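Q: Could you take me through one part of this model slowly, as you would for a first-year student, and then set that part beside a few other details of the two chains?

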Amino acid sequence: MPLITYRKALNDALAEEILRDENVVVMGEEVAEYNGAYKVTEGLWARFGSKRIVDTPISEAAFVGMAVGASMLGIRPVVELMFWSFAYVAFDQIINNAGCVRYMSGGHIRCPMVIRGPANGGTNVGATHSHTPENLLANTPGLKVVSPATAYDAKGLLKAAIRDNDPVMFMENTLLYGEQWEVPEEEYLIPLGVADVKREGTDISLIAHGRAVLTCLAAAEILQAEHGISAEVVDLRSIRPLDEEAILASVRKTHRAVLVEENKPFCGVDAQIASLIQEKAFDDLDAPIQRVSALDSPAIYSPPLEKIQLPTPARVVQKALSIC
Amino acid sequence: MPLPIEMPKLSDTMTEGTLVKWRKKVGDPVEMGDVIAEIETDKATMEMEAFDDGTLAEIYIQEGEKVAVGQQIALLALAGDKPGDVAAKPSAPAPAKAASAAKAAPAAPAAPAPEPAVPVSHGPVKASPLARKIAAARGVDLTRITGTGPGGRIIERDITSAPPSTGKPAAAPAKRPTPATGAPAAAIPAIPPIPAGPNDRVIPLTGMRRVIAERLVASKSTIPHFYLQIEADAEPLLKLRAEINATAESSGRGKLTVNDLILKAVASAIARVPKVNAAWAGDSVIEYAAVHLSVAVAVDDGLVTPVLRDASSKSLREISEAVKDLATRARTKKLKPEEYQGGTFTVSNLGAYGIESFFAIVNPPQSAILSVGAAVKKPVVNAAGQIVPGQRISIGLSCDHRVVDGALGSQFLGELRGFIESPALMLL
């Protein structure tokens with residue numbers, strides 16, 4: 001199986017879906033002539049032209065709104081945000097329009113659109129460029145939220161998101177764009193709402209999404225090698241819809257859980273998962289649920305402090321040991 | 001709110017501590033850093049300091065009592081606490097009574113003893129939800145369990161390694177967690193099996209299978225086993241048996257088995273090394289005067305160990321007849337409980353199955369089990385250094401190292417070999 005980057009996997013997914021469906025349109029700042037701020041759309045404009053790959057002004061509220069309107073009429077826009085942090089000026093379009101129109105139209109109007117881009121800290125771009133709004137958006141019934149950890153998942157999930165008839169918030173990570181994974185050449189889709197056990201284990205469940213999955217895999221190696229603890233790593237992949245059964249099955253097997261996310265802890269995704277576990281698997285718990293998240297402050301600009309703000313394998317190991 | 005004071009973990013390996021002396025009394029003011037008590041750990045006696053300022057409101061354990069790490073031992077009233085805050089807690093006399101009642105039981109975890117240790121318990125027991133669920137299914141009394149989880153919390157492993165409480169049998173089978181819920185019952189391994197497919201057979205546990213599983217898991221997980229092996233010349237024993245059986249045939253009496261002779265030899269060897277006929281009792285070792293040999297008998301769906309009572313005072317003929325009767329009734333399930341309880345030493349013989357050597361698991365609460373192999377013909381180097389054909393029998397001894405040390409076990413096996421190789425001695 002060829003090794004390709006997370007960036008290339010996204011690029012391939014876009015190209016394949018553009019070829020497959022004439023209604024798929026990519027739009028965003030610098031996506032066309034500049035080949036994308038992070039080069040995710042590299043070569044697409046040259047290949048598919050200005051009708052399919054559309055540069056937009058620096059005005060998220062306007063172009064996200066345009067995509068919402070287009071999607072209502074059957075276009076399948078894939079909107080790139082240079083950073084998910086910039087979505088905040090477009091929240092009215094995303095939440096009130098994309099998120100609510102299906103409900104408010106009695107199911108007559110749907111928004112088959114994807115909004116994608118990086119949503120991560122850890123790259124020294126400052127507090128206003130480092131937001132991780134997966135918890136905010138997943139709080140809106142009507143929106144779907146996806147956060148792939150590997151190139152394989154990025155490609156399969158993006159293709160499924162483009163074909164989905166509801167608005168899908170697709171959260172990537174600039175630290176992963178250059179990382180490589182094995183991705184098959186033949187076409188595949190990963191359904192939204194299906195988690196993936198990235199590593200089987202028996203003693204403790206490490207549950208994560210996005211780049212935190214890789215942190216958990218590194219922590220699991222340390223737990224096995226240095227402490228003889230067999231950790232299972234569950235990658236949520238999709239935050240909404242959430243694969244509750246996969247989470248519960250793992251906890252029922254290991255009886256312990258550490259929830260890991262690069263999101264902030266307060267009202268974070270893992271607060272929801274902790275609530276789910278205690279409600280539906282209470283009698284299977286042999287220890288309290290633990291969480292490891294970003295430290296609760298705006299994204300820290302000082303590089304040494306920024307490094308410790310995000311979850312590290314060492315922090316995950318420490319939390320795991322506290323309940324094993 | 002008043003602050004609970006817990007038994008501190010004062011060494012890496014400390015799981016429980018003895019309160020040697022209270023240095024403060026109820027009502028005494030306490031300042032941070034004051035020594036409030038002296039605690040004896042597994043290693044040393046250490047001073048326990050207060051971490052907060054306040055008044056010692058209640059003392060829950062008395063001097064000399066031993067409790068688990070994390071268990072509440074006192075209550076510290078902080079400045080601003082109303083008298084009601086303290087009074088609302090369970091009053092001191094009640095727990096103190098429970099404590100003195102509990103003191104009658106063995107103080108340390110006595111794995112093979114019929115009852116586990118009874119740690120003093122006050123207030124709600126700290127146990128994980130999973131531990132509570134398994135304990136309820138198994139009929140385990142949580143107040144009798146010492147928690148090994150963080151802060152002394154009782155967790156799954158503390159329950160699965162504990163024998164069910166006596167007098168309160170495990171819940172009816174219907175109430176047991178089914179395998180589908182993933183809850184390990186007594187002896188079901190913590191690692192779940194591969195789920196049964198359409199062609200696989202799921203065999204419900206019989207009472208016997210469950211008891212075997214529970215007792216052997218308890219044995220292997222609480223008894224520090226070690227193993228000794230010795231080979232003996234079986235020729236003299238086989239020759240004696242042939243001579244006796246030749247006359248038995250003509251006189252119409254039953255034939256002796258090799259195992260009958262081994263049992264006689266074991267009883268004789270125990271008479272010389274009585275320390276192997278003993279049990280670990282937590283705070284002492286009990287050496288039994290009578291030799292009650294448990295004899296492992298394979299039955300249809302498991303095995304039972306009927307007891308040959310007072311084996312050392314029985315003749316070979318009496319042993320042979322008693323064992324034949326016990327084994328027959330074991331196979332037809334006609335044994336009375338007192339006939340398979342109270343053994344002090346077990347003999348397991350797989351010689352009839354052609355097994356040359358093996359090591360059985362100690363049959364708790366006993367301290368040793370003998371594993372007898374088949375008498376086999378093999379080349380032997382004799383005293384003159386020549387290789388000659390011989391009849392050899394291999395004998396293994398599995399021991400509880402808390403009771404039987406290597407030298408003691410070896411001494412016993414040496415005596416046993418002496419009787420096997422000179423069987424006339426045991427007829428004396």
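A: The buried residues of helix H8 of chain B are Ile319(B), Ser320(B), Ala322(B), Val323(B), Leu326(B), Ala327(B) and Ala330(B), and since the model is a predicted one, this list describes a prediction. These buried residues pack against helix H7 of chain B and also against four strands of that chain, namely E12 (293-295), E13 (297-299), E14 (302-304) and E15 (307-308). As for its length, H8(B) is made of 16 residues, and from its first C-alpha to its last it reaches 22 Å, which is close to the 22 Å expected at 1.5 Å a residue.

The partner helix deserves a careful look of its own. General practice is to describe two packed helices by the angle between their axes together with the distance between those axes. For H7(B), which covers residues 258-272, and H8(B), the angle is about 120° and the axes are 9 Å apart. An angle over 115 but not over 145 degrees falls outside the perpendicular and antiparallel ranges, and therefore H7(B) is oblique to H8(B). The crossing of H7(B) and H8(B) is, in addition, right-handed. On the H7(B) side the contact is made by Asp260(B), Leu261(B), Leu263(B) and Lys264(B), while H8(B) brings Leu316(B), Ile319(B), Ser320(B) and Val323(B) to it. Sorted by class, the residues of this contact comprise 5 nonpolar, 1 polar and 2 charged. Ile319(B), Ser320(B) and Val323(B), which take part in this contact, are also among the buried residues of H8(B).

Following the chain past the end of the helix, one comes to Lys333(B), which, just after H8(B), takes a positive phi of about 60°, although Lys333(B) is not a glycine. This residue is found in the loop that runs between H8 (316-331) and strand E16 of chain B. Is Lys333(B) buried or exposed? Because Lys333(B) has 10 C-beta neighbours inside 10 Å, it counts as exposed, the limit for that class being 12 or fewer.

Chain A offers a residue to set beside Lys333(B). His255(A) has a positive phi of about 70°, and His255(A) is not a glycine either; its place is the loop between H9 and strand E13 (257-260) of chain A. His255(A), however, is buried, because 27 other C-beta atoms lie within 10 Å, and 20 or more are needed for a residue to be called buried.

Each chain also has a cis peptide bond to look at. In chain B, such a bond joins Pro364(B) and Pro365(B), with omega about 10°, and Pro365(B) sits in the loop between strand E16 (345-349) and strand E17 (368-381). In chain A, Arg240(A) and Pro241(A) are joined by a cis peptide bond with omega about 0°, and the loop that holds Pro241(A) lies between strand E12 (238-240) and helix H9 (244-254) of that chain.

Finally, the two chains touch one another, through 11 residues from chain B and 12 residues from chain A. On the side of chain B that touches chain A, helix H3(B) (residues 129-138) gives the most, with 4 residues, and that side is composed of 6 nonpolar, 3 polar and 2 charged residues.

Notes. Residues numbered from 1 in each chain as written. Chains lettered and ligands numbered in written order. Predicted model: local features only at pLDDT ≥ 70, side-chain atom pairs only at ≥ 80, totals over all residues. Contact = placed C-beta atoms within 7 Å. Helix = DSSP H or I, 4+ residues; strand = E, 2+ residues; numbered from the N terminus. Nonpolar A, V, L, I, M, F, W, Y, C, P; charged D, E, K, R; others polar. Axes fitted to C-alpha atoms, helices over the stretch in contact; angles between N-to-C directions. Parallel < 35°, antiparallel > 145°, perpendicular 65-115°, else oblique. Left-handed = near helix turned anticlockwise from the far one by under 90°. Expected span 1.5 Å × (residues − 1).
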